[in-house]
Amino acid sequence: MVSSSRQFLDAKITDVAHVRESMFKSSVTYYTIETKSTLLGLYSKNKTYTVQRRFNDFKRLHSALRSVEQYRGFSIAPLPEESNGLTSYVVHSDTFIKERRQKLDSFLRLLTAHEVIRFDELLCRFLTQPSFDDDNLADPYLYGKFKKMVGSLPNTTGLSLDLDSLNTLLSFQLGSALSGSSQDNLTAGHQNEVDELKPTQMVVT
């Protein structure tokens with residue numbers, strides 16, 4: 001087993017590509033991220049993960065992490081400035097892309113070096129999953145609620161954050177905690193959070 005002092009998480013941007021998704025839209029910039037890690041339980045030790053992310057994906061990750069109550073007081077690295085108001089020529093210029101890439105790279109380095117946030121499950125999904133923009137848990141409000149709820153329940157270590165498994169979490173964890181008593185004894189606070197997190201009610205913009 002790798003000791004905690006020797007475990008590492010390394011993520012860096014290795015390439016930038018402009019992709020025109022249709023003839024009616026301007027090109028979109030994708031940043032290629034390569035990740036290696038020995039953080040057990042989250043990453044495969046001998047695997048290099050390669051994903052492509054848009055700037056909006058970075059924004060979703062940043063907002064979601066800032067919504068986590070347990071991370072309050074942590075210094076979460078800022079993102080580069082928005083490109084609102086800038087012309088397409090400026091946004092796709094070599095100078096603009098180079099500066100943004102450097103700042104996003106710095107953002108990733110600070111997150112992966114943080115002694116707590118580097119173990120975050122959503123950060124892991126951002127660095128390893130093929131797609132991130134359709135990940136419901138990347139919604140800042142929902143992720144903050146989910147982390148708060150999971151943190152209040154016993155024996156959730158290692159549980160997948162796939163929203164399809166949320167009902168399993170509720171039935172096994174809450175069911176176990178309430179064994180021998182009526183479901184009506186569930187506190188109103190927890191019930192409200194359960195209702196808010198049901199996959200059928202999720203709306204992600």
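## From a strand pairing to the nonpolar core

Aspartate 15 stands opposite threonine 32 in β2. That pairing is a handy place to start a walk through this predicted model, and from here we can step across the strands one at a time.

Aspartate 15 lies on the β1 side of the pairing, and strand β1 (residues 9-19) is joined to β2 by 10 bridges, with the two strands running antiparallel. On the other side, threonine 32 also stands opposite glutamine 52 in β3. Strands β2 and β3 are antiparallel as well, paired over 5 bridges. Threonine 32 thus gives you a line to follow by eye, with aspartate 15 as one partner and glutamine 52 as another. As for the strand that carries threonine 32, β2 (residues 28-37) is mostly covered, with 8 of its 10 residues buried.

Let us pause at glutamine 52, which belongs to strand β3 (residues 49-53). Is this residue buried, partly exposed or exposed? Its relative accessibility is 42%, and because buried means under 20% and exposed over 50%, glutamine 52 counts as partly exposed. Leaving aside residues up to four places away in sequence, glutamine 52 touches Tyr30, Tyr31 and Thr32. There is a long-range relation to look at too: glutamine 129 is 77 residues away along the chain, yet the C-alpha atoms of glutamine 52 and glutamine 129 are separated by 9.4 Å.

Now zoom out for a moment. The chain has 7 helices and 3 strands, and along the sequence they follow the pattern β-β-β-α-α-α-α-α-α-α. Of the 205 residues in the chain, 41% are buried. Among contacts with a separation of 6 or more, 59% are between residues 24 or more positions apart.

With that overview in mind, turn to the helices. Two packed helices are described by the angle between their axes and the distance between the axes. For helix α1 (residues 55-66) and helix α3 (residues 94-113), the axes come within 12 Å and cross at roughly 35°. The crossing of α1 past α3 is left-handed. On the α1 side, the contact is made by Phe55, Phe58, Leu61, His62 and Leu65, while α3 brings Arg100, Leu104, Phe107, Leu108 and Leu111. By character, these contact residues divide into 8 nonpolar, 1 polar and 1 charged.

Histidine 62 of helix α1 deserves a closer look. At 13% relative accessibility, it falls under the 20% cut-off, so histidine 62 counts as buried. Its contacts beyond four places in sequence are with Ile76, Ala77, Pro78, Leu79 and Phe107, and Phe107 is one of the α3 residues in the helix contact.

Which residues have the most contacts inside the largest nonpolar core? They are Ile33, Phe58, Leu61 and Leu127, in a core of 36 residues. The elements that give two or more residues to this core are β1, β2, β3, α1, α3 and α4 (121-128). The largest share, 6 residues, comes from α3.

Leucine 127 makes a good last stop. Not counting residues up to four places away in sequence, leucine 127 touches Leu9, Ala11, Ile33, Thr35, Tyr43, Tyr49, Val51, Leu108 and Thr112. Of these, Ile33 is another of the core residues with the most contacts, and Leu108 takes part in the contact of α3 with α1.

Key:
Residues numbered from 1 in each chain as written. Predicted model: local features only at pLDDT ≥ 70, side-chain atom pairs only at ≥ 80, totals over all residues. Heavy atoms only, no water. Helix = DSSP H or I, 4+ residues; strand = E, 2+ residues; numbered from the N terminus. Buried < 20%, exposed > 50% of the residue type's maximum accessible area, 1.4 Å probe, protein only. Contact = heavy atoms within 4.5 Å. Pairing = 2+ DSSP bridges. Axes fitted to C-alpha atoms, helices over the stretch in contact; angles between N-to-C directions. Left-handed = near helix turned anticlockwise from the far one by under 90°. Nonpolar A, V, L, I, M, F, W, Y, C, P; charged D, E, K, R; others polar. Core = buried A, V, L, I, M, F, W, Y, C linked by side-chain atoms within 4.5 Å.
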